[in-house]
Amino acid sequence: MKSVIALLVVLTLTISLSAQEDKIPAGHDAKGIYEYSDFEKPEACYSCHVDIYMQWKQAMMSQAYTHHWDEIEYFDLAVPHAEKDPDMKPVVDGCNGCHAPLAFLAGDLTPPRPAEGSRANESVSCDLCHTIVGYEGETPFNYSYRVDPGKTKYGTKPGQESPHHDTQQMDLYGQTEYCANCHNEKSPFGVWVKSTQIEWQDGPYGENNVPCMDCHMPKAPGRNAKMAKKGMVAQHLFHGAHAPGKVLGTIELRMNPKTREVQWDEVVELEVQLFNGKAGHKVPTGSVEDRIMWLHVTATDAKGNEYHLPVQEKGFEGEEYTIASDELAYQDMGLPKGIDDFEGVRREDVPIGDRIFRMPYFDPQGRMTIMQWNTKSLGVDYRIGPRETKTETYIWRMPEDIPVGKVTFKAQLNYRKLVKPVAEFLDVPEEESEIMHVNSTTTWIEVYE
Ligand code: HEC
Ligand code: HEC
Ligand code: HEC
Ligand code: HEC
Ligand code: HEC
């Protein structure tokens, strides 16, 4: 009997808690429901959570509003776009729902520039993340979180005791839906322009329930606060495209010729395999409109002459967007920049004929765009899925004067966070478009007379 009563009490408590949570507005309805002062500053957490604070400070989470490319895209493209097209204003305010949640919840829109030092600069802060109590809808997206700032900080561990705050265990903090609030995004045209958690869900890591935290907040022995007992602690690393070591080796590469010995007038055929053995989602994921990953294959003959090998076409629909060309694109930047009939900039500026692993985003006029909020449709999805292997073929007719001896082939997989011509056009600091090395491999043939 006692246990039945206890169960009833627990049930009633749970129901009333979730009923309260459901009353907290989410998504766009949460705009302006709080004040900045409802949230504690990260520096308050630092006094006890020293390592976690320092990790967060180095991660992009603490710079989501202040980082140069975020500031440039927001203030030079998004905000002017909304000034010219008022329908875009709610969408552009919505950037802050994920990048500067405190400003969004405080209704401080458009927030001051980073240089002005407002609390928008806290970006995705400790107190925002640790006062999330639920989310709206089935699949979370577009800042669908419900936030209840105050004395209680939520996490995955039961029975934590702190002199500064109350704690409460909540399963959500170990689930991918938590991250999905900001890592799934729909454009105003109803297109999924970020779908990292959906990609995860549909793949092998979702099937085996290996959540985002296992790879982006790995656990290590230590103390989670200065006065805490030792245990396994979730490291707040959030490494992604801004951590070269995270990108390095994400895709494994192998390459083989069809035959080792080739007569000088024969055609050489090579195959390259690309295996996504490290990421729980597609690569690239997230800001797919900005990112570019491409495979560059070269041959070097016995005398040291180098040749560039273009990829063999497969013939699928939309393939032209996956092979580097000198086409122009991104004409819709002309709108916020106030340039009439803007002809665009080069689509990729990587060696022509190289294979690109990407999914193009299209504006309402069907032109490729990096303005994900202006995306009306998506092109072919030629990214590498979790544990997927893609193969590429190279067919090479050697020059007639090829010297006999060894020919070495090199396949190099490169990554850029932002397509270079866009970075140059918008004066984004070079590090955002520098070449990051993903992987490389070699093989060889013997040419005989
Ligand atoms: C005066 C020291 C102190 C300050 C300041 C402090 N904490 Fe804590 N916090 C602790 C201690 C101690 C624990 C529990 C450690 C244990 O029991 O092992 C803890 C635990 C936590 C947990 C774990 C909860 C769980 O159930 O998994 C979270 C989350 C947390 N704190 C967030 C914060 C945030 C966010 C701030 C700043 C707004 C903050 N803390 C400020 C001392 C502090
Ligand atoms: C993007 C959201 C996010 C941000 C930002 C964030 N955390 Fe966390 N934090 C989490 C999640 C999720 C967990 C639980 C991870 C798990 O258990 O797998 C967690 C766990 C913790 C824990 C318990 C760690 C453990 O394993 O014992 C503490 C303490 C904590 N966070 C404090 C902080 C502090 C302090 C900051 C700011 C310096 C911060 N967090 C920033 C999401 C966040
Ligand atoms: C099995 C490990 C693993 C899991 C699970 C995983 N990731 Fe990743 N993630 C990676 C690796 C490796 C990279 C680096 C490669 C890259 O940038 O695509 C990465 C990159 C990222 C990036 C940066 C992408 C870019 O290039 O801009 C984001 C954002 C991200 N992950 C979010 C998530 C979220 C959210 C989840 C859960 C829904 C998740 N990850 C699950 C391993 C994982
Ligand atoms: C409140 C919104 C929010 C939540 C919740 C959130 N993120 Fe993020 N995350 C962001 C934003 C915004 C960025 C982009 C930062 C920037 O501007 O470069 C980001 C960036 C990242 C990156 C990429 C960093 C890089 O180097 O490029 C990773 C990895 C990541 N988040 C993982 C996670 C994981 C794992 C979770 C869940 C535990 C999570 N995020 C929860 C908003 C959020
Ligand atoms: C639903 C949440 C969400 C919304 C809304 C959102 N973003 Fe983001 N944004 C993210 C996340 C998460 C990332 C990181 C993805 C990754 O690392 O690949 C990101 C990445 C970016 C980046 C690239 C950062 C870098 O350094 O590579 C820029 C720039 C950016 N967002 C600008 C904007 C602008 C401008 C808007 C509004 C028009 C906006 N975002 C709306 C979540 C969001």
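A residue counts as buried if 20 or more other C-beta atoms lie within 10 Å of its own. Keep that cut-off in mind for this tour of a predicted model.

**Stop 1: Phe238**

Select Phe238 first. How many C-beta neighbours does Phe238 have inside 10 Å? The count is 20, so Phe238 is buried, because the cut-off asks for 20 or more. Its backbone is worth a look too: Phe238 is not a glycine, yet its phi is positive, at about 45°. You'll find Phe238 in the loop that runs between strand 8 and helix 12 (244-247).

**Stop 2: Ser123**

Now jump to Ser123, another non-glycine residue with a positive phi, this one about 55°. Is Ser123 buried or exposed? It has 27 C-beta neighbours inside 10 Å, so Ser123 is buried. Ser123 sits in the loop between helix 6 and helix 7.

**Stop 3: two cis peptide bonds**

Stay in that part of the chain and pick Thr110, which also belongs to the loop between helix 6 (101-105) and helix 7. Show the backbone from Leu109 to Thr110: the peptide bond there is cis, and its omega is near -10°.

For the next cis bond, select Val283 and Pro284. The peptide bond from Val283 to Pro284 has an omega near -5°. Zoom out a little and you'll see Pro284 in the loop between strand 11 (267-276) and strand 12 (292-300).

**Stop 4: ligand 2**

Click on ligand 2 and show what is around it. There are 24 residues surrounding ligand 2, and the closest are Cys45, Cys126, Cys129, Thr156 and Asn224. Two or more residues of this shell come from each of helix 2 (42-46), helix 3 (50-58), helix 7 (126-129) and strand 8 (231-234). Which element has the largest share of the shell around ligand 2? That is helix 3, with 3 residues. Try colouring the shell by residue class: 16 residues around ligand 2 are nonpolar, 7 are polar and 1 is charged.

**Stop 5: ligand 5**

Move on to ligand 5. Its shell holds 24 residues, and Glu73, Cys95, Cys98, Glu185 and Gly286 are the closest. Colour by class again, and the shell around ligand 5 shows 10 nonpolar, 9 polar and 5 charged residues. Next, colour by domain: domain 1 (21-234) and domain 2 (244-448) each give at least three residues to the shell around ligand 5.

Which helices each supply at least two residues of the shell around ligand 5? They are helix 4 (68-84), helix 5 (89-99) and helix 8 (176-183). Helix 5 gives the most, with 6 residues.

**Stop 6: helix 4 and helix 5**

Hide the rest and keep helix 4 and helix 5 on screen. Their axes come within 8 Å and cross at roughly 155°. Why are helix 4 and helix 5 called roughly antiparallel? Angles over 145 degrees count as roughly antiparallel, so helix 4 and helix 5 fit that description. Turn the view a bit to see how helix 4 passes helix 5 in a left-handed crossing.

**Stop 7: helix 8**

Bring everything back and select helix 8. Of its 8 residues, 7 are buried, so helix 8 is largely enclosed by the rest of the structure. The buried ones to click through are Thr176, Glu177, Tyr178, Ala180, Asn181, Cys182 and His183. Helix 8 also takes you back to ligand 5, where it supplies at least two residues of the shell.

How values were computed
Residues are numbered from 1 along each chain as its sequence is written. Chains are lettered from A and ligands numbered from 1 in the order in which they are written. This is a predicted model: local features need pLDDT of at least 70, side-chain atom pairs count only at pLDDT 80 or more; totals for chains, interfaces and linings use all residues. A residue is near a molecule or strand if its C-beta atom, placed from the backbone, lies within 6 Å of it. Helices (H or I, at least four residues) and strands (E, at least two) are DSSP runs, numbered from the N terminus. Ala, Val, Leu, Ile, Met, Phe, Trp, Tyr, Cys and Pro count as nonpolar, Asp, Glu, Lys and Arg as charged, and the others, Gly among them, as polar. Domain bounds come from an automatic or database domain assignment. A residue is buried if 20 or more other C-beta atoms lie within 10 Å of its own, exposed if 12 or fewer, and partly exposed in between; C-beta atoms are placed from the backbone. Axes are lines fitted to C-alpha atoms, for helices over the stretch in contact, and angles run from 0 to 180 degrees between N-to-C directions. Angles under 35 degrees count as roughly parallel, over 145 as roughly antiparallel, 65 to 115 as roughly perpendicular and the rest as oblique. A crossing is left-handed if the near helix is turned anticlockwise from the far one by less than a right angle, and right-handed if clockwise.
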